[in-house]
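This report introduces a structure to a reader who has not met it before. The sequence and the model are shown first.

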Amino acid sequence: MSKERQEQESRRTFLRSAFAACVTAGTAVIPVDRIRPATQNQSTAEQPKPYVFFHPDEVQFLSAAVDRFIPPDEEWPGAVDAGVVEYIDQQMAGKWGSAGYMYWHGPFKEGTPSQGYQLPLTPAELFRRATAGINQYFATQGTPFHQLSADKQDEYLEMLLANKTTLNGVPSKVFADFLLQHTVEGFFADPIYGGNKNMVGWKMLGFPGPYADYYELIDQYGIKLDRDPVSIESSPRHHAM
Amino acid sequence: MAEKLKAVDVVVVGVGFMGAIMAKELAAAGLSVVGLERGKKRWTVPEFQSPDIHDELKYSIRKGMMQDVTREAMTFRNYSSQEALPIRQWQAFLPGTDLGGSGVHWNGQTFRFTEADFVWHTRMGERYGKNFVDPDLTIQDWGVTYDELEPYFDKFEHLLGTGGKAGNLNGKIQPGGNPFESWRSREYPNPPMKEQYGGVLFRKAATEMGYHPFVQPSSNMTRPYTNPEGLQLNACNYCGFCERYACEHFAKATPQTVILPVLLKNPHFELRTEAQVLRVNLDSHKKRATGVIYADATGREFEQPADLVIITTYALNNVRMMLLSGIGRPYDPKTGKGVIGRNYAYQTTGDVYVFYDESVNVNPFMAAGASGTLIDDFNDDNFDHGPLGFIGGSYIMSALTNGRPIEFHPTPPGTPDWGKDWKAAIRRHYNHTAHMLLHGSSMPTRTNYLDLDPTYKDAWGLPLLRMTFDFPENDVKMTQFCMDRAVEIGKRMRAKTVAGYPRKPPFTTQKYQTTHNTGGVVMGSDPHTSALNRYLQSWDAHNVFVVGASAYPQNPGYNPTDTLGALAYWSVDAIKKQYLKKPGPLVSA
Amino acid sequence: MKLNRSILIATLATATAGFFLTRSFAAQSAGAVKADEGRGAEIAASGTAYGVVPCARCHAFDGTADGSGAFPKLSGISSYYLAKQLRDFASGLRTDAIMSAIARKMKDEDIADVSEYYSGVRGTPTPAPGASPDLLALGARLATVGDQEKEIQACEACHGPQGRGESPAIPPLAGQYAPYIAFQMRMWRMGYRKNDANQQMANIAKRLNAQDIEAVGLYFEGLPQQGIAKNKRQP
């Protein structure tokens, strides 16, 4: 008989005897374990990492600012708890921060909005310079930014975004847009980059992450995907940029 | 001093989709072919594997697969009265690089241009009269007809394994397909994609309104497929990481999956990567190319002599290569004379968001690159423009190609851009929002053009390409009209809120639109207004062929790749059947 | 999302719309019945009065089966996937000498209940028998990287990091018996098993040789089974 049928036959024979053995032995009673579903990447007494780029006074301002952009609420963490400041810190210390992804030749001239970013400041220099300007300003005000009420903080950030001032020569909107963009990145990028801790950003939205195979589900219209996301971090093989 | 290498029959500059096709066909015909690719080798295994390939920060935000802007950028201004400044980071359009080029990170959207598109100037005059078209538009005929190209469309689509439903089979309109498409000789090689939920909702509304919705043709495989080159592809998984990313499943039609393995097995072909071609060399009469000069990764220069030079470096880079090499007269917008850089066009796009209540789980992350549902009723010349005062149109497509959260977290109008309410709104709307894309034509003008920048240079000291472009009034009118139609459909989709965002001038390089840059080395019948003849052969140097969307005299409302593949096969057929037998101009000027 | 100028807004009543939409496109889960895992446990242990054999006889009460590799582990596999296999056995889309007959006797609620039960069970880890380092390395490579020449992607692209599966439609492989994995791969390759949605498995299996198949089975068997499949999203 053909190899396939031989295989099937031998399996059937095996199964019949195995089946019989089960029946003879009786059903063993094994306690059912009803453990609460394990959460991936449970943080247990995580030591805060040292910042590689930001100084403490910069961290103070940035933490307060990003937590206004994405505030914590009863259900979901805010930017700081999600690791956004660590994310920005890593980015500023790395290739992105030193303009390693931009055409970085001069001359640098002021352009139109259609022409995009033209300042001769790398992202890291932009952050440092603008934050210094902010801290200098608040040094004359009596109360530092991070100690203002939430409303007052929001007012200040609105003012920056409306380009109402310059920060050590940096148009405030350029810096504020940058900060907002980095906050969103830090909240939603894969946790390998230091933000989106425990994938809170993805869990909040319902984004399942990089493992994504939906051929069978896409036309089950309206199906609710009710599982935790899985990140690149969960694969031991990953390599970040 | 460049080291002179042994001569070959053909040098292909840029080994992306078109370079791979040209090289494969010529090597298979027995010619010795060298393919010079500035980037690196990369393959599905290991470079495109999951989960690393699905990294939104790396590939969407930091543009990981794109042309290295630190070495080779370009400059931009809206108008000649402005000074062009460098595009320091790609946003609006994202030129590719490395082996396979943009063919690796495209979405697989595969539309043919129509019969009307190839004779656009003649057709507009015939239908609407000589005085209808805005005189500022420099629309032209292509010099080739749809009927001539049809077999080559068919060939390219079978190479790719495109999935779809024919709408017009040999003149007979077919149910389920696009009734506005031009005739095709046979069905698609694969069936259409599964529809997304948003597409189903769109289809219902569009049908009720009397329009003709259909599932878009897709080169993400809809089932396992073995193409005519003998290469096997798997079915697409709708992973939502198509554009900007490579496919780990061998399911997207890319040079790697549909042609490169065959090309590389041919002993007549040699691939050299990390080979930056600096210019094409011409003989002393400047009528014939003698080969190319390229620099390797260490900066050493080489001269590769060849009888035939094929330029396939991507539309924008093709224009630059011609300018740097001095092939063809550069276009001067003041005089209107010259051809290289003339008739640059783009794509006019827009977005509509349709916000549902929380019972509707749209699941935006379940998506292929090309699994949209669309109507062609307001595209091309498919409707009467007489009362409207513009030419061209857009297709209106319900599609979400992804739910990647850094870039996708839509909110209804009136939502703040940050803070507590924004956070609540993105949570509320992320999984309950559908989206329509307007994908529209782009007409060329006297003042939109490409040339070399006088100030900024690349890493090899050569001038960057300079782009001068804004949306012409014609296209602004067109896109507003189409937006009004799209919003009407949105309202019919029975959502809570519909918000339309029409494209308005000035064009900005800071917002992604498409990487459909066309023109600059256009094909045509008249050497005064075109750089290439109908076979994509340079009028100025008969052994130079330039295969890219740089050949398009204007850009219709359809995606450019299918037509480009057809043109590549058409061109290489002419080379094999005519040029090789008798090298020289194939068309008398 | 940044707001541009010129936006058109339309706001519509939702009552009828919402009703229409939920009625037409209600989520389809394993039958539209609410699964009862307690009843599922009973069926697993004692079967039903109308002749459904107790699952535990072959698969064990905790889903660990009997260690022989002839019967697959069921613990921690999503109820969606388990229910689909049972439905496929019943309809003939998937065939097996024993399972086809059993599944045909099961009612919709039986399928839903036993699937719910086994998806929530934490099985007993079973030690993988020793395998040659070469075979394990081959299996690891195919599972985590794939093979360019054979045109196959990494198994884990769909089956998840360390074979934990991609709930609900794609099953975990981690800790599954190597002989069972290998047997299923041979069934895919020969065309006897064809109940995956996009014919992916047959395609992949055809490009693997016998050694590849043995290797991936051994590799996945050695990975720790990862928890249970009843994850609900939590902050």
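How many residue pairs are in polar contact across the interface of domain 1 of chain C and domain 2 of chain C? The rule finds 14 such pairs, both residues at pLDDT 80 or more; a polar contact is a pair of N or O atoms within 3.5 Å, one able to donate a hydrogen and the other to accept it, and residues adjacent in sequence count only if both atoms are side-chain atoms. The number of salt bridges between the two domains is zero, the criterion being a side-chain nitrogen of Lys or Arg within 4 Å of a carboxyl oxygen of Asp or Glu.

The model is predicted: local features need pLDDT of at least 70, side-chain atom pairs count only at pLDDT 80 or more, and totals for chains, interfaces and linings use all residues. Residues are numbered from 1 along each chain as its sequence is written, chains are lettered from A and ligands numbered from 1 in the order in which they are written, and side-chain values use heavy atoms, without hydrogens and water.

The domain bounds come from an automatic or database domain assignment.

| Item | Domain 1 of chain C | Domain 2 of chain C |
|---|---|---|
| Residue range | 25–120 | 128–228 |
| Residues in contact with the other domain | 24 residues | 18 residues |

Contact here means heavy atoms within 4.5 Å. The C-alpha centres of the two domains lie 22 Å apart.

In chain B, Gln196(B) is located in the loop between β7 (172–173) and α6 (197–208). Gln196(B) counts as buried because its relative accessibility is 7%, buried meaning under 20% relative accessible area with a 1.4 Å probe, protein chains only. A polar atom of its side chain lies 2.7 Å from the backbone oxygen of Leu400(B).

Definitions and conventions: Helices (H or I, at least four residues) and strands (E, at least two) are DSSP runs, numbered from the N terminus. Buried means under 20% relative accessible area, exposed over 50%, partly exposed in between (1.4 Å probe, protein chains only).
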